[in-house]
Amino acid sequence: MPVIKVNNRDVHIQELNKGAAETVLLVHGMFSNLSVYYFNIAPILAEHFHVVMYDLKSHGMSERTLHGYDLNSMTDDLNGLMEALNLNTVHLAGYSFGGLIALKMALRFPDKVKKLVVIEAPDPKDEKARGIIDDYSREFLEHYVENFTDTTKVKMGKRQMERNHRMYEYLFYQTSIKSDMIAEKDFLDEPEISLLNKDTLLLYGADSNCLETGKELNEKIKTSELTPVPGDHNIPIQEPVLIANMINTFFRN
């Protein structure tokens with residue numbers, strides 16, 4: 001399990017197909033980890049791209065920290081990761097709060113992002129959306145345990161299951177993650193979003209409460225395309241092959 005130093009913190013990363021000409025960098029959402037891509041989505045993208053995944057701070061196997069979950073800090077981490085891996089430009093995709101990180105990255109460091117995919121990014125000012133992230137994050141942990149067993153043919157041990165739940169409880173109740181997210185409540189109202197000129201694919205669940213946010217982003221980003229996908233907020237888990245193929249086609253064309 002490769003761990004590298006990024007901005008003086010340990011960051012767990014996974015890479016596939018390092019020899020490919022172009023890189024796709026995948027950002028997971030809050031309260032999950034890189035496995036949301038690793039088992040099903042990343043292998044499809046790796047048929048054509050160098051794929052990089054990483055655990056956000058305090059997630060998965062990355063180092064824990066109490067503060068720094070605002071979008072500036074998270075994109076500083078992402079920029080630092082690219083520098084550590086000597087990546088000048090990437091195709092960037094982010095899911096849920098990772099979608100907001102990806103969008104912020106394209107705004108702050110436009111020269112480093114080729115194309116952008118935003119999957120189910122919520123509106124930070126929507127209290128209901130923040131609750132959705134909490135609910136679906138618990139569902140993610142349950143899916144992670146099931147998927148780990150299906151993929152490895154090994155039943156996840158009680159200790160490992162407890163470790164995952166302790167990570168969730170630490171993030172939710174001890175860190176500044178919720179207050180930092182609330183502090184970003186006006187992010188989608190920033191005028192810079194309407195000036196974004198990156199080719200952008202917006203993927204939202206047809207039954208998701210975040211779909212209206214996707215429609216608003218589609219109106220603001222003139223170079224964007226909104227595609228509803230069967231499912232709700234958890235479409236990368238519900239439709240991983242479909243999501244992977246759509247991302248693959250978008251980044252290759």
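**Exercise 1: Leu 25 and its surroundings**

Task: Find out which residues Leu 25 touches, leaving out those up to four places away in sequence.

Solution. Start at Leu 25 in this predicted model and look around its atoms. Leu 25 touches Val 52, Tyr 54, Leu 78, Leu 81, Met 82, Leu 87, Val 90, His 91, Leu 92 and Ala 93. Next, zoom out to the core. The largest nonpolar core has 48 residues, and Leu 25 is one of the members touching the most others, together with Tyr 54, Leu 78, Leu 92 and Leu 103. Helix 4, residues 97-108, gives the most to this core: seven residues. A separate core of 28 residues includes Val 36, Tyr 37, Leu 201 and Ile 243. As a bit of background, nonpolar side chains in soluble globular proteins tend to be buried together.

**Exercise 2: A charged residue on the inside**

Task: Work out where Glu 120 sits and which side chains make polar contacts with Glu 120.

Solution. First, place the residue: Glu 120 is in the loop between strand 6 (113-119) and helix 5 (127-152). Second, look for a charged partner. Glu 120 is buried but has no salt bridge, and Lys 215, the nearest side chain of opposite charge, is 11 Å away. A salt bridge needs the nitrogen and the carboxyl oxygen within 4 Å. Third, look for polar partners instead. The side chain of Glu 120 has a polar contact of 2.7 Å with that of Ser 208, and another of 2.7 Å with the side chain of His 233. Finally, check the wider surroundings: beyond four places in sequence, the contacts of Glu 120 include Tyr 95, Ser 96, Cys 210 and Ile 235.

**Exercise 3: Two serines with a positive phi**

Task: Locate Ser 58 and Ser 96, then decide whether each is buried or exposed.

Solution. Begin with the backbone. Most residues other than glycine have a negative phi. Ser 58, though not a glycine, has a positive phi of about 70 degrees, and Ser 96 has a positive phi of about 60 degrees. Now for their places: Ser 58 lies in the loop between strand 4 (50-54) and helix 3 (71-84), while Ser 96 lies in the loop between strand 5 (90-95) and helix 4. For the last step you need the cut-off: buried means under 20% relative accessible area. Ser 58 has 1%, so that serine counts as buried. Ser 96 has 3%, so this one is buried too.

**Exercise 4: Salt bridges along the chain**

Task: The whole structure has twelve salt bridges; take three of them and say what they join.

Solution. Step one is Lys 114 with Glu 22, whose closest N and O atoms are 3.1 Å apart. This pair links distant parts of the chain: Lys 114 is in strand 6, Glu 22 is in the loop between strand 2 (9-16) and strand 3, and they are 92 residues apart. Lys 114 is partly exposed at 32%, and Glu 22 is partly exposed at 31%.

Step two is Asp 77 with Lys 57, at 3.0 Å between the closest N and O atoms. Asp 77 lies in helix 3 and Lys 57 in the loop between strand 4 and helix 3, so the pair ties together parts 20 residues apart in sequence. Asp 77 is buried at 14%, and Lys 57 is buried at 8%.

Step three is Lys 125 with Asp 123, at 2.9 Å. Here Lys 125 is partly exposed at 41%, whereas Asp 123 is buried at 7%. To finish, follow the links outward: Asp 123, Lys 125, Asp 189 and Lys 220 are linked in a network of salt bridges.

Conventions. Residues numbered from 1 in each chain as written. Predicted model: local features only at pLDDT ≥ 70, side-chain atom pairs only at ≥ 80, totals over all residues. Heavy atoms only, no water. Core = buried A, V, L, I, M, F, W, Y, C linked by side-chain atoms within 4.5 Å. Buried < 20%, exposed > 50% of the residue type's maximum accessible area, 1.4 Å probe, protein only. Helix = DSSP H or I, 4+ residues; strand = E, 2+ residues; numbered from the N terminus. Contact = heavy atoms within 4.5 Å. Lys, Arg positive; Asp, Glu negative; His and termini not counted. Polar contact = N/O pair within 3.5 Å; in protein donor to acceptor, adjacent residues only side chain to side chain.
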